[in-house]
Amino acid sequence: MSLKNVAIVACGLAPFGVRKATWRELVQEASKSLFDDVQNLDKKDIDSLFVGAAMPERFAFQSHVAPLVAEQVGIVPHKVVTRTELACSSGQSAVRTAWASIVTGLSDIALCMGVEKMNMPNMLETQTSMACVLEREWDGVQGASAPPFFAMCAQRHMHKYGTTVEQMAMVSEKNHHFSTTNPYAQFQKEIPAEKVLGSPMIAPPLRLFDCSGITDGAAAVILTSEERAKEFTDTPTYIIGSGQCSMASNLANYKSLSTWHPLKIAAKEAYRSAKIGPMDLDFAELHDCFTISEIIEYEDAGFCEKGEGGKFIEEGQSNIGGKMPINTRGGLLGTGHPLGATGIGQIVEVMQQFRSTVPKERLVDGAEMAMTHNLSGAANVHSILVFGRSPT
């Protein structure tokens, strides 16, 4: 069987934030933005739909969401219609599944929609739902939700490698600076490192601005084969590699809190399949759900030596002009983290960087290759896509 190269030909966003819009209204906003971005595409030619949504049953009291999305965007998918759920990686999972469907010829033109409506009238209900992500019977009953888990990672990394709270605060400062250039981001103000260090303690050593927010939002892309891409855009973005790894679920079975082995395995496979090394990339969108996450990801994705992630941010190597600009749209810390939409929102940034349509303050001039990364659960699953301006 001949496998096809796959391109993304259009992208759209609904603004991320604390929104009054309903779940379906977020879908409508992203859909409008998406179809404004594409030329010469008749909706009836979209044969497949992939919806990334982590917990619509709990956040919006709605299941069976793929048909609802199809109706809201005005398409009749007749080859594949499905939803993907992988917690914080649900959006990227939708794109990975659509990519595989087009590679094999099952689908011709696919729409991927990522959406989450997380802000509920009672924040306790949202937080209770979030606690369902970690293993409930063994870890949840011990209070191991996301902030305590990533706090333990931070404590271990600080103990083993000397990483400091000041270095973690620099990650937050950088990403909030980038988000001030992004009108679709949840947080629009600069957050200096001093303010991060003075914000309320959440789970030691993580403070409020070390943590990503509770966010509503939606993002969408359209994928097709290389052969058809130029029908719809002069600037397609090609998927050129991918990797994914799941290792353990119960925290007792983790190999390490300070080294994320499934990320190392996923990155190795992504680089192998793209036929590149990590420093061949021009920039990356990493899953900075907490500041310590981005520091560990610098190391385990191969952008610096193990234990030098703190030094990497301190030297400005993850900023514009550094060795590897990271999270130029503002990351999860600045843009917000609507679980199902995050992975697709990162891909929108890649497309807009390749098109040079982002503000110059965050433009990676002349970028040819980039990577998006999502973790899910207690960093036990890592998912990566590699993109190029050309198919090989």
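This is a guided tour of a predicted model, stop by stop, with selections to make in the viewer.

Residues are numbered from 1 along each chain as its sequence is written. In this predicted model, local features need pLDDT of at least 70 and side-chain atom pairs count only at pLDDT 80 or more, while totals for chains, interfaces and linings use all residues, and side-chain values use heavy atoms, with hydrogens and water left out.

**Stop 1: the sheet**

Start with the strands (DSSP runs of E, at least two residues; helices are runs of H or I, at least four residues; both are numbered from the N terminus). Nine of them form an open sheet with mixed pairing, in the order β3-β2-β4-β7-β1-β8-β11-β10-β9. Strands count as paired if DSSP finds at least two bridges between them. At the edges stand β3 and β9 (283-285), each with a single partner strand, so one side of each has no neighbour in the sheet. From one strand to the next the twist averages 20°.

Select β2 and β3 next: they pair in the parallel sense over 5 bridges. V51 has R83 in β3 as its bridge partner.

Now add helix α10 (residues 261-274), which packs on the sheet and touches β8 (237-246), β10 (369-376) and β11 (381-388). Contact here means heavy atoms within 4.5 Å. The direction of α10 makes about 150° with that of β8; axes are lines fitted to C-alpha atoms, for helices over the stretch in contact, and angles run from 0 to 180 degrees between N-to-C directions.

**Stop 2: helix α3 and the turns around it**

Select α3 (65-73). Of its 9 residues, 7 are buried, where buried means under 20% relative accessible area, exposed over 50% and partly exposed in between (1.4 Å probe, protein chains only). The buried set is V65, A66, L68, V69, A70, Q72 and V73. These residues pack against α1, β2, α2, β3 (80-84) and β4 (109-117).

What follows α3? It is G74, with a positive phi near 80°. On the other side, H64 is found in the loop between α2 (56-59) and α3. H64 is not a glycine, yet has a positive phi of about 55°; with a relative accessible area of 63%, H64 is exposed.

Move to N40, in the loop between α1 and β2. N40 also has a positive phi, of about 60°, although it is not a glycine, and N40 counts as exposed at 64% relative accessibility.

For a cis peptide bond, select P204 and P205: the bond from P204 to P205 has omega near 10°. P205 lies in the loop between β5 (201-203) and β6 (206-207). Most residues other than glycine have a negative phi, and most peptide bonds are trans.

**Stop 3: salt bridges**

The whole structure has 16 salt bridges, a salt bridge being a side-chain nitrogen of Lys or Arg within 4 Å of a carboxyl oxygen of Asp or Glu.

Select D37 and R355, whose closest N and O atoms are 3.0 Å apart. D37 lies in the loop between α1 (23-36) and β2 (48-52) and R355 in helix α14 (residues 339-355), so this pair ties together parts 318 residues apart in sequence. D37 is partly exposed, at 24% relative accessible area.

Are K174 and E294, the next pair, buried or exposed? Both K174 and E294 are buried. Their closest N and O atoms are 2.9 Å apart.

In the pair of E315 and K311 the N to O distance is 4.0 Å. E315 is partly exposed at 46% relative accessibility, and K311 is partly exposed at 44%. Then select D108, R228 and E231, joined into one network by salt bridges that share partners.

**Stop 4: aromatic rings**

There are 6 aromatic pairs. Rings of Phe, Tyr and Trp (its six-membered ring) pair if their centres lie within 6.5 Å; planes under 30 degrees apart count as stacked, over 60 as edge-to-face and the rest as tilted.

Select F150 and W260: their ring centres are 6.1 Å apart and their planes at 80°, so the pair is edge-to-face. F150 lies in helix α6 (residues 146-161) and W260 in the loop between β8 and α10, 110 residues apart. At 2% relative accessibility, F150 is buried, and W260 is buried at 2%.

Add F290. The ring centres of F150 and F290 are 4.8 Å apart and the planes at 25°, so this pair is stacked. F290 is in the loop between β9 and α11, 140 residues from F150, and is buried at 6% relative accessibility. One aromatic cluster is formed by F149, F150, Y254, W260 and F290.

Finish at K43, whose charged end sits over the ring of F35, 4.6 Å from its centre. The cut-offs for this are NZ of Lys or CZ of Arg within 6 Å of the ring centre and within 35 degrees of the ring normal.
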